[in-house]
Amino acid sequence: MSTPFTADAIEAIKRHMNDDHSEDALIIVRGLGDRPEARSAVTSDVDAEAMEFTVDGAERVRVPWGETLTERAQVRKAVVRLYQEACEKLGIEARGPH
């Protein structure tokens, strides 16, 4: 899949998600990745169409943004939206601003 993001930007996004938002990633995978029993989710790739996670150390799961992203600044809002949608689907309360 094509991406508007540089390799450095992708690495920075992955690092931030994995270092600071690993619990959010797991919620996204459980709620929107159709893996309700997942035990772990590591952000493994990002492109214009989706964020990809490695689930439970093996399976790759792509969760679409719902729109095509064209710049890095859109990623934060898109991740927050996915997190909130996943919380709603799972019936759990979303935390405050990320």
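This is a walk through the structure above, starting with its sheet and moving out to the helices. Keep in mind that the model is predicted.

Let's begin with the sheet. It is open and has three strands in the order β1-β2-β3, with antiparallel pairing. That leaves β1 and β3 as the edge strands, each pairing on one side only. On average, neighbouring strands here are turned by 30 degrees against each other, if you ignore direction. As a reminder, strands of a sheet pair through backbone hydrogen bonds, either parallel or antiparallel.

Now take the pairings one at a time. Between β1 (41-46) and β2 (residues 50-55) you'll find five bridges, and the two strands run antiparallel. To see one of these pairs, look at V42, whose bridge partner in β2 is T54. The two strands make a hairpin with three residues between them. A48 is found in this loop between β1 and β2, and despite being in a loop, A48 is buried, with a relative accessible area of 5%. Try following the chain from A48 to W65: the two are 17 residues apart in sequence, while their C-alpha atoms are 8.1 Å apart in space.

On the other side of β2, six bridges join the strand to β3 (residues 59-64), again antiparallel. Two pairs help you get the register: A50 has P64 as its bridge partner in β3, and V55 stands opposite E59. Here too the strands form a hairpin with three residues between them. D56 sits in that turn and has a positive phi of about 50 degrees.

A good residue to pause on is E52, which belongs to strand β2. Is E52 buried or exposed? Its relative accessibility is 13%, and the cut-off for buried is under 20%, so E52 counts as buried. The E52 side chain has a polar contact of 2.6 Å with the side chain of R60. Setting aside residues up to four places away in sequence, E52 touches V42, T43, S44 and D45, along with R60, V61 and R62.

Next come the helices, and α2 is the one to look for. Helix α2 (residues 22-32) lies across β1, β2 and β3, and runs at about 85 degrees to β1. Its buried residues are D24, A25, L26, I27, I28, V29 and G31. What covers them? The cover includes α1, β1, β2, β3 and α3. Just after the helix comes D34, with a positive phi near 55 degrees.

So how do α2 and α3 meet? Two packed helices are described by the angle between their axes and the distance between the axes. For α2 and α3 (residues 73-90), the angle is about 55 degrees and the axes are 8 Å apart. Angles of 65 to 115 degrees would count as roughly perpendicular and those under 35 as roughly parallel, so α2 and α3 are oblique to each other. Their crossing is left-handed. On the α2 side the contact is made by D24, I27, I28, R30, G31 and L32; on the α3 side it is made by V79, L82, Y83, E85, A86, C87, K89 and L90. When you look at such lists, it helps to recall that an α-helix has 3.6 residues a turn, so residues three or four places apart point the same way.

While you're in helix α3, find V75. V75 is buried, with a relative accessible area of 5%. Leaving aside neighbours within four places in sequence, V75 is in contact with F5, I13, W65 and L69. W65 is the residue you met earlier, at 8.1 Å from A48, C-alpha to C-alpha. V75 and R60 are 15 residues apart along the chain, and their C-alpha atoms are separated by 20 Å.

Last stop: helix α1 (residues 7-20), where you'll find K14. With a relative accessibility of 16%, this lysine also counts as buried. Beyond its neighbours within four places in sequence, K14 is in contact with T43, S44, D45 and V46. T43, S44 and D45 are also among the residues that E52 touches, which brings us back to the sheet.

Conventions
Residues numbered from 1 in each chain as written. Predicted model: local features only at pLDDT ≥ 70, side-chain atom pairs only at ≥ 80, totals over all residues. Heavy atoms only, no water. Pairing = 2+ DSSP bridges. Helix = DSSP H or I, 4+ residues; strand = E, 2+ residues; numbered from the N terminus. Buried < 20%, exposed > 50% of the residue type's maximum accessible area, 1.4 Å probe, protein only. Polar contact = N/O pair within 3.5 Å; in protein donor to acceptor, adjacent residues only side chain to side chain. Contact = heavy atoms within 4.5 Å. Axes fitted to C-alpha atoms, helices over the stretch in contact; angles between N-to-C directions. Parallel < 35°, antiparallel > 145°, perpendicular 65-115°, else oblique. Left-handed = near helix turned anticlockwise from the far one by under 90°.
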